[in-house]
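Subject: A structure for you to look at

Hello,

I am passing a structure on to you, with some notes on what turned up in it. Have a look at it first, and then read on below.

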Amino acid sequence: MPQVAAASTPAELPAEELDWIQMRKDFAGMHAETTKEKMIRKVNENPLVPIGCAATLTALGFGLWNFRQGRSQMSQYMMRARILAQGFTVLALIIGVGMTYGTKEPSKK
């Protein structure tokens, strides 16, 4: 069985093992987008999706509350409204993705 010699100093390490150090230096000046910044950017790109999500959550909550209160007719109505809100959200998501990819510049090869 061949023995592998342990590299003890950076001079003995192969260049492949130090690529991450060079990459870190190359990208040191770049700003990494935070989660909050990304969420704000996504909401600005497609504001209908959060509106649809809020409508879905409202219909679901109100429907469950009516179910708990024993108002089955209103609960059924709100569950149907939830389905419509979900459909609106999915449609807004599809349209938003289509618009986003339609406006981006094609990559150069």
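To begin with the overall picture: how many helices and how many strands are there in the protein chain? There are 4 helices and 0 strands, and along the sequence they follow the pattern α-α-α-α. Please keep in mind that this is a predicted model, so every value below was computed from it.

A few totals may help you get your bearings. The protein chain has 109 residues, and 12% of them count as buried. About 9700 Å² of the chain is exposed, with carbon and sulfur atoms supplying 65% of that area. As for contacts between residues at least 6 apart in sequence, 44% of them join residues at least 24 apart.

Next, the largest pocket. The space in it comes to about 260 Å³. It is lined by 13 residues, and those closest to its centre are Lys42, Glu45, Asn46, Val97 and Thr100. Three elements give two or more residues each to this lining: α2 (35-45), α3 (48-69) and α4 (72-103). Helix α4 provides the largest share, with 5 residues. If you sort the lining by class, you will find 6 nonpolar, 3 polar and 4 charged residues.

Two of the residues close to the centre of the pocket are good places to zoom in.

Start with Asn46, which sits in the loop between α2 and α3. Is Asn46 buried or exposed? Asn46 counts as buried, because its relative accessibility is 14% and the cut-off for buried is under 20%. Its side chain reaches the backbone oxygen of Ala92 at 3.0 Å. Once neighbours within four places in sequence are set aside, Asn46 is in contact with Ala92, Leu93 and Gly96.

Then turn to Lys42, in helix α2. With a relative accessible area of 42%, Lys42 is partly exposed, since that value falls between the 20% and 50% limits. Gly96, already met as a contact of Asn46, comes up here too: Lys42 and Gly96 are 54 residues apart in sequence, while their C-alpha atoms are 9.9 Å apart in space.

If you have the viewer open, a good route is to find the loop between α2 and α3, pick out Asn46 there, and follow its side chain to the backbone oxygen of Ala92.

Happy exploring, and best wishes

Definitions and conventions:
Residues numbered from 1 in each chain as written. Predicted model: local features only at pLDDT ≥ 70, side-chain atom pairs only at ≥ 80, totals over all residues. Heavy atoms only, no water. 1 Å grid on protein atoms, 1.4 Å probe; cavity = no way out; pocket = protein on both sides within 12 Å on 5 of 7 lines; lining within 4 Å. Points joined across faces, edges and corners; volume = space filled by probe spheres on them. Nonpolar A, V, L, I, M, F, W, Y, C, P; charged D, E, K, R; others polar. Buried < 20%, exposed > 50% of the residue type's maximum accessible area, 1.4 Å probe, protein only. Contact = heavy atoms within 4.5 Å. Areas by Shrake-Rupley, 256 points an atom, 1.4 Å probe, with all protein chains shown as cover. Polar contact = N/O pair within 3.5 Å; in protein donor to acceptor, adjacent residues only side chain to side chain.
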